[in-house]
Amino acid sequence: MGRRQNAELDWIVCAVLLCLSERCTSQIAYSVSEEVDKGAVVGNLAKDLNIKTQELRDRDLRIVSAYSKTYFDVNLRTGALFVNDRLDREELCPNLLKCSLNVEALLSHPVSLHRVEINVGDINDNSPSFPEPTTVFNISESSSAGERYPLPTAYDADTGGNSVKSYKISPNEHFSLDVQGSGEQSVSSELMLKKALDREKEPVITLTLTAVDGGKPVKTGTLQITVNVIDANDNVPAFSKTLYKVRVNENVPLGATILKLDATDLDEGLNGELVYAFMKRGNADYFDKFDINAQSGEVTVKNGLDHEKSAAYEIRVQATDQGTSPRSGYSKVLVEVVDVNDNAPEISITPMNSPLKEDADVGTVVALVNVLDRDGGKNGRTDCKILGSVPFKLQLNYKNDYSILVGGSLDREVTSQYNITVAAVDDGTPPLSSTSIVVVRVSDVNDNPPRFREPRFDVYVKENSPIGSLVYTVTAFDADTNENAKTTYTLLGGYQRDTPLTSIVSINSETGDIVSLQSFDFEALKTLQFKVQATDSGVPPLSSNVTVNVFILDENDNSPAILAPYSEHGSVNSENIPYSAEAGYFVAKIRAVDADSGYNALLSYHISEPKGTNLFRIGTSTGEVRTKRRMSDNDLKSHPLLVLISDNGEPSLTATVSIDVVVVENTADIQTQFRHVPVKEESFSDLNLYLLIAIASVSVIFLLSLISLIAVRCHRTDSSFSRYSAPMITTHPDGSWSYSKSTQQYDVCFSSDTLKSDVVVFPAPYPPVDGELISINGGDTFSRTQTLPNTEKVCVSVHEI
C-alpha cells in the first residue's frame with residue numbers, strides 16, 4: 001500500500017510556450033515516483049494541451065523518445081499519459097540529485113510538437129550499506145580523551161531525503177559519535193574518545209555503527225567496529241594540512257603525479273616511520289582512478305579521468321607509523337577534475353515519415369534530432385545545422401532538440417532519395433563536431449501523365465492486308481512508378497465516313513497494338529485518322545492523346561478499263577481510212593483508265609498484233625493510232641489490230657481492244673461513228689460558248705497576273721521577284737492547250753471524240769504524287785506533272801448535239 005500511495009503523488013503541470021519560426025512547441029512538466037505500477041497515470045495530455053479527446057486519434061498523438069525503452073505511452077481514448085515500463089531512478093539517473101526524463105508529444109494534422117519533462121521522484125527502496133562489514137582501530141591506551149577517528153561512510157543509492165542522514169553508535173563508556181554534514185552535504189561520522197582506555201581491563205572493545213537514512217519508513221545499515229587497545233605509542237602522525245585541494249585536467253596522462261602528501265611523527269624509529277594509504281569509505285571509486293605511493297605519499301593518476309562522469313573526488317588518506325602499537329593520522333584530499341573539450345556532440349535521429357510523399361507540404365516533420373554533448377559549460381554548448389543544398393530545414397524545438405522539416409517542393413522523378421547530413425559543432429577550443437546522415441526516401445504520387453514520343457504518328461499500310469494485321473504499336477512513357485505508371489490504351493473517335501471506327505481498327509489496352517478489323521481498299525479509303533488515349537492507373541488517373549494517321553498504300557489490284565467508244569477484248573471495233581492517207585494520218589485514239597494510283601495507274605499502249613506491223617504505230621502514252629507511211633497497192637484493204645494496254649504495277653495488269661482498220665478508195669465513203677449525229681444549225685454552239693468563256697477567263701487571269709508581277713517588280717528586289725514565273729500557254733499535237741503559271745494550271749483537253757472536251761483545273765502548283773492520271777500531252781512520252789491532286793477534280797464537259 002505504501003508504494004501505491006507514493007505512486008499517486010500529485011503531479012505538476014508547467015506549460016512554457018516557445019514560438020520558433022512558424023511553429024510553436026510547448027513544454028509540460030509532470031512528476032512521478034519510481035517503481036510505480038505499469039499503467040499508473042502521470043498526467044492528462046489532452047487537458048494540458050487543450051485538445052478534445054475526440055481529436056486525439058484523428059491527430060495521431062504519439063509519444064516519441066530517444067530512450068531504448070518505452071517508459072511512457074498515451075491513452076488515445078482519454079488522453080492520459082501513463083507509465084509503460086518499470087521506472088528505477090537509480091538505474092536511470094545514478095548519482096544525480098534530479099532525475100528528469102524528456103519525451104516528445106507529437107501531433108499530426110497539423111504537425112505540432114510538445115516537449116514533456118517527467119521528473120522521476122525517489123522512494124526509499126535502498127538501505128544504507130558500508131563498503132566492508134567490519135573495521136578495526138588500534139588505539140593506544142595512552143590516547144587522550146577527545147581524539148577522533150574517522151569512520152567509514154555508508155552509501156545509499158537513494159538520493160535527497162532518502163539518503164543517509166545520520167549515524168548512531170552502540171552505547172559504551174569510552175567512545176561517542178560526532179556526526180558531520182547535513183542538508184545537501186554528505187554526512188560523515190567520527191569516533192571520539194571520551195574516556196581513557198585501560199588495556200588491562202578491556203583489551204578489545206566491540207562497537208556497532210548504524211547508518212540511518214531519511215526515508216519513511218527509515219532503513220539502516222550497520223558496521224562492526226573493533227577497537228584493539230594497545231600499549232602506548234604516544235605521538236600521532238600529523239599531516240601538514242587537514243584538507244588538500246588540487247585541480248587536474250581530465251585529459252591528464254596516466255601516471256602523472258597530482259599531489260605529494262606530507263605528514264610527520266615526533267616519535268623516533270619505527271614509531272616515527274610513516275606509511276601512506278587511502279581509506280575506504282562508502283562507494284568511493286577513487287581507488288580505481290588514483291594510486292598512492294606508501295613511502296613517498298605521492299598521489300598519481302591510475303586510470304583516465306572523465307569530468308562528465310565525476311567532476312570531483314573526495315579522498316580520505318591516512319599516515320600510519322610502524323611502531324609496535326601503530327598510530328595513524330588522517331587528512332582529506334579534494335581533487336577537482338577540470339573539464340576539457342574531449343567529447344564531440346552526439347546526434348540521435350528519430351525518423352518520422354518514411355517514405356515521404358513527393359507532394360508533402362512545406363513544414364511536414366521528417367525526423368526528430370537530439371544533440372547531446374557530454375562536456376560542460378561552453379564545451380557542451382552546440383550548434384546544429386543541415387549541410388548541403390537539400391529541400392529541408394532544421395528547426396530548434398527546445399534546447400538541443402530539433403525537427404527536420406520539409407523546406408521546399410519535392411519531385412521523386414528528379415530525386416527519389418535524399419541523404420540529409422546533419423552536423424553539430426560545440427563551442428569548445430578547439431571545437432569538436434560530428435555528423436549524422438538520415439536517409440529520406442521519396443514515394444511517388446501520380447503527378448505525371450503518360451507521354452508519347454511524338455505528337456502524332458504517321459503509319460503506312462498496304463491495301464488488301466489480312467484482317468487482324470498489326471497496323472502500329474503506340475507506346476507511352478510515364479515518369480511515375482508502379483500503379484501510377486501502369487498505362488492502358490483506348491481509341492478515341494466515333495466514325496470514319498459513316499463507318500464506326502471500332503469496326504475498322506481495335507487496340508490492345510495493355511500493349512498498345514493497333515490491329516485491323518477489315519481489309520483496307522485504297523480505292524475506297526485512302527487515309528484513316530483517329531486518336532489514341534493513354535491513361536495511367538493513378539488516383540486520380542492522368543491521360544494524354546496522340547493522333548494516328550494511317551495512309552493506305554496502293555497495290556496494283558485493278559486492270560486498265562477501256563473507255564468508249566471502244567470496248568474491251570471480245571468485240572471488234574471498225575475504223576475507215578482513205579487510201580490516200582499520208583504518213584502520220586490519225587486513225588483512232590484508245591483511251592483507258594486505271595482505278596489504281598501512281599505508277600500502278602500509269603498506262604502504256606502497244607500494238608500486240610500483228611507483230612512488227614510497218615503500216616501503223618501507236619503512241620505508247622497517248623494511245624493514238626496513226627499511219628507510218630502512205631498506202632500502196634500491195635497493202636491489204638483490211639487490217640485487224642490488237643491493242644494491248646498495260647499498267648506500270650508489279651505485276652503488270654493488262655487489257656486489250658481489237659480494231660479493224662478498213663482502207664477505202666473514196667474519202668466520201670469514210671463513215672465515222674459520229675456522222676449520224678445531227679448538227680444543230682446554231683450560229684454559236686455551246687462548245688464555242690464554253691471555249692470562249694474559258695479563253696476570256698484565261699486572258700483576264702493572264703492580264704491580272706501580268707499587272708501583279710509588274711507591281712511586285714516595282715516594290716521588290718530582283719531576288720524576291722525571282723520566285724514568280726510568267727504564265728505559259730502550251731499547245732499539244734492532239735489539239736489541246738494548257739495555261740499554267742507557278743500557282744495554278746489549266747488544261748483544255750480534246751479527244752478524237754468530238755462530242756466531248758474537258759477543261760481541267762490544277763489548283764496547286766505541284767500535284768501530289770498520289771494524284772490520278774488525267775491527260776497525256778502530245779507525243780509518246782508521259783510527264784509526271786500531268787497528274788491531279790487527290791482532291792475533287794474541276795472538269796467542264798461540253799456536249800454538242
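At 68% relative accessibility, Asn 482 counts as exposed, and this asparagine lies in the loop between β36 (476-477) and β37. The model in which Asn 482 sits is a predicted one, and the phi of Asn 482 is near 55°, a positive value in a residue other than glycine. The strand on one side of that loop, β37, belongs to an open sheet of four strands, and the points below take up that sheet, a second group of paired strands, the cysteines, the cis peptide bonds and a buried aspartate.

**The sheet that contains β37**

- Four strands make up this open sheet, running in the order β34-β43-β42-β37 with mixed pairing, and its edge strands, each of which pairs on one side only, are β34 (456-462) and β37 (487-492).
- From one strand to the next, the twist of this sheet averages 30°.
- The pairing of β37 with strand β42 (residues 527-536) is antiparallel and extends over six bridges, and within it Leu 492 has Lys 531 of β42 as its bridge partner.
- In general terms, the strands of a sheet pair through backbone hydrogen bonds, in either the parallel or the antiparallel sense.

**Strand β50 and its partners**

- Strand β50 (residues 624-627) directs Glu 624 and Arg 626 one way and Val 625 and Thr 627 the other way, yet all of these residues are buried.
- Strand β46 (residues 586-589) pairs with β50 in the antiparallel sense over three bridges, and here Ala 588 stands opposite Val 625.
- Strand β49 (residues 616-618) is likewise antiparallel to β50, again over three bridges, and in this case Arg 617 stands opposite Arg 626.
- The hairpin of β49 and β50 has five residues between its strands, and in this hairpin Gly 623 takes a positive phi near 80°.

**Cysteines**

- A search of the whole structure finds one disulfide, formed by Cys 93 and Cys 99 with their sulfur atoms 2.0 Å apart.
- The link of Cys 93 and Cys 99 is right-handed, with 60° about the S-S bond.
- Cys 93 counts as buried because its relative accessibility is 6%, and Cys 99 is buried as well, with a relative accessible area of 2%.
- Cys 384 is another buried cysteine, its relative accessible area being 9%.

**Cis peptide bonds before proline**

- Ala 564 and Pro 565 are joined by a cis peptide bond with an omega of about 15°, and Pro 565 has its place in the loop between β44 (561-562) and β45 (572-578).
- Glu 609 and Pro 610 are also joined by a cis peptide bond, here with an omega of about -5°, and Pro 610 lies in the loop between β48 (604-609) and β49.

**Helix α2 and the loop that follows**

- Asp 48 lies in helix α2 (residues 45-48), where this aspartate is buried yet has no salt bridge, the nearest side chain of opposite charge being that of Lys 47 at 5.8 Å.
- A salt bridge would require a separation within 4 Å, and so the 5.8 Å between Asp 48 and Lys 47 does not qualify.
- The side chain of Asp 48 is nevertheless joined to that of Tyr 30 by a polar contact of 2.4 Å.
- Asn 50 is found in the loop between α2 and α3 (53-58), and it has a positive phi of about 60° although it is not a glycine.
- Asn 50 counts as exposed because its relative accessibility is 71%.

Definitions and conventions
Residues numbered from 1 in each chain as written. Predicted model: local features only at pLDDT ≥ 70, side-chain atom pairs only at ≥ 80, totals over all residues. Heavy atoms only, no water. Helix = DSSP H or I, 4+ residues; strand = E, 2+ residues; numbered from the N terminus. Buried < 20%, exposed > 50% of the residue type's maximum accessible area, 1.4 Å probe, protein only. Lys, Arg positive; Asp, Glu negative; His and termini not counted. Polar contact = N/O pair within 3.5 Å; in protein donor to acceptor, adjacent residues only side chain to side chain. Pairing = 2+ DSSP bridges. Axes fitted to C-alpha atoms, helices over the stretch in contact; angles between N-to-C directions. Disulfide = S-S within 2.5 Å.
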